[in-house]
Amino acid sequence: MKKKLVLLTVCVVAALSFAGCKKEEEIPEYVATIGAEMEAELSSGQFYLDGDLYKFPITVGELRENGYYMGLNYKNEDTFTLPPGGQSDAFMMAKEVGDDGHQIWCKVFNPTEEELKLDECSIGYLLIDAPADMMFPGGIWSKSEHEDVIDVYGEPRDFKNDSDTFYDLWYDIEMEDGSKWEVKFRHNSWSVSDVTYTREGMEE
């Protein structure tokens, strides 16, 4: 069963050893500091996003504790619940980062045998896109090119090149909790454009 968060009509406006580093680029401090803390394997479920290090499984509540809020004015976000085994449609969350804001798209599911409130639900789909500060196991960060991803994670399950500009790479992984995920890296010609995590069993 899929459930929706219902929108109101008004929206809230809401170091050189690392993969893809170029000498002429200014490397953000987090690339070195967070990179040293992260595990090497994509299957670790770790990722860094806008100032915080995460590890799957994660909940909506964890994202909210780190500054994310419902990026659109959902009139039922405080009363929204999911039944056991239920899934939600996609919804947007946002976070203010410096003078800018950043948005992510999520779907959640209920892995328990009890009805859960929104903050208690687990993330089963996550779309992270530029210009977020983002980093992934093995030193992959926002300026890594698609060749860097292949060098670190090996040959993808699928590879698609729509043009000389965009490259898509798909990886199938099993995380430490036994859950199976598809991870998609989308690149423009010089950097990571977006990364999508989709848990097996999540509906389109």
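1. Let's start with the aromatic residues. Phe47, Tyr54, Phe56, Phe136, Tyr153, Tyr171, Trp181, Phe185 and Tyr197 form one aromatic cluster. Keep in mind as you look at it that this is a predicted model. Counting through the protein gives 13 aromatic pairs. One of them joins phenylalanine 47 and tyrosine 54: the ring centres are 5.2 Å apart and the planes meet at 20°, so this pair is stacked, the cut-off being under 30 degrees. Both phenylalanine 47 and tyrosine 54 are buried.

2. Now compare a pair with another geometry. Phenylalanine 159 and tyrosine 167 have ring centres 6.2 Å apart and planes at 45°, and this aromatic pair is tilted. Is phenylalanine 159 buried or partly exposed? With a relative accessibility of 43%, phenylalanine 159 is partly exposed. Its partner tyrosine 167 has 15% and counts as buried, because buried means under 20%.

3. One more ring deserves a look. The face of tyrosine 125 has lysine 107 lying over it, at 5.2 Å from the ring centre.

4. How far can you trust the coordinates? The average pLDDT of the protein is 87, and 89% of the residues score at least 70. Please be careful with residues 9-18, where pLDDT stays under 50. The model does have 21 contacts for this stretch beyond four places in sequence. Still, where pLDDT is low, the predicted coordinates should not be read in detail.

5. Next, the nonpolar core. Which residues touch the most other members of the largest nonpolar core? They are Phe47, Phe91, Phe136, Phe185 and Tyr197, in a core of 46 residues. Leaving out residues up to four places away in sequence, phenylalanine 47 touches Met38, Asp52, Leu53, Tyr54, Phe56, Ile58, Leu126, Ile128, Met135, Phe136 and Tyr197. There is also a second, separate core of seven residues, including Tyr30, Ile34, Met38 and Trp141. As background, nonpolar side chains tend to be buried together in soluble globular proteins.

6. Isoleucine 58, one of the residues that phenylalanine 47 touches, is worth finding on your screen. Isoleucine 58 sits in the loop between strand S3 (52-55) and H2. Is isoleucine 58 buried or exposed? At 1% relative accessibility, isoleucine 58 counts as buried. Beyond four places in sequence, isoleucine 58 touches Phe47, Cys121, Ser122 and Ile123. You can also check a distance here: the C-alpha atoms of isoleucine 58 and glycine 45 are 9.7 Å apart, while these residues are 13 residues apart in sequence.

7. Helix H3 (residues 146-153) is a good place to practise reading a helix. Its buried residues include His146, Asp148, Val149, Ile150 and Tyr153. For background, an α-helix has 3.6 residues a turn, so residues three or four places apart point the same way. What do the buried residues of H3 pack against? Their partners are strand S11 (134-136), strand S12 (140-141), strand S13 (158-161), strand S14 (167-174) and strand S15 (180-187). Glycine 154 follows H3, and its phi is positive, near 90°.

8. On to the charged residues, where the count is nine salt bridges. One of them joins aspartate 119 and arginine 64, with the closest N and O atoms 2.6 Å apart. Aspartate 119 lies in the loop between strand S9 (116-117) and strand S10 (122-129), and arginine 64 lies in helix H2 (residues 60-65), so the salt bridge ties together parts that are 55 residues apart in sequence. Aspartate 119 has a relative accessible area of 33% and is partly exposed. Arginine 64 is partly exposed too, at 23% relative accessibility.

9. Finally, look at arginine 157, which forms a salt bridge with aspartate 158, the closest N and O atoms being 2.9 Å apart. Arginine 157 is partly exposed at 41%, and aspartate 158 is partly exposed at 35%. The side chain of arginine 157 also meets that of glutamate 182 in a salt bridge (3.1 Å, N to O). Why does this second pair tie together parts that are 25 residues apart in sequence? Because arginine 157 is in the loop between H3 and S13, and glutamate 182 is in strand S15. Glutamate 182 is partly exposed, at 25% relative accessibility. Arg157, Asp158, Asp172 and Glu182 are linked in a network of salt bridges.

Key:
Residues are numbered from 1 along each chain as its sequence is written. This is a predicted model: local features need pLDDT of at least 70, side-chain atom pairs count only at pLDDT 80 or more; totals for chains, interfaces and linings use all residues. Side-chain values use heavy atoms; hydrogens and water are left out. Rings of Phe, Tyr and Trp (its six-membered ring) pair if their centres lie within 6.5 Å; planes under 30 degrees apart count as stacked, over 60 as edge-to-face and the rest as tilted. Buried means under 20% relative accessible area, exposed over 50%, partly exposed in between (1.4 Å probe, protein chains only). A charge sits over a ring if NZ of Lys or CZ of Arg is within 6 Å of the ring centre and within 35 degrees of the ring normal. pLDDT is the predictor's confidence in each residue, from 0 to 100. Contact means heavy atoms within 4.5 Å. Helices (H or I, at least four residues) and strands (E, at least two) are DSSP runs, numbered from the N terminus. A nonpolar core is a set of buried Ala, Val, Leu, Ile, Met, Phe, Trp, Tyr and Cys residues joined through side-chain atoms within 4.5 Å. A salt bridge is a side-chain nitrogen of Lys or Arg within 4 Å of a carboxyl oxygen of Asp or Glu.
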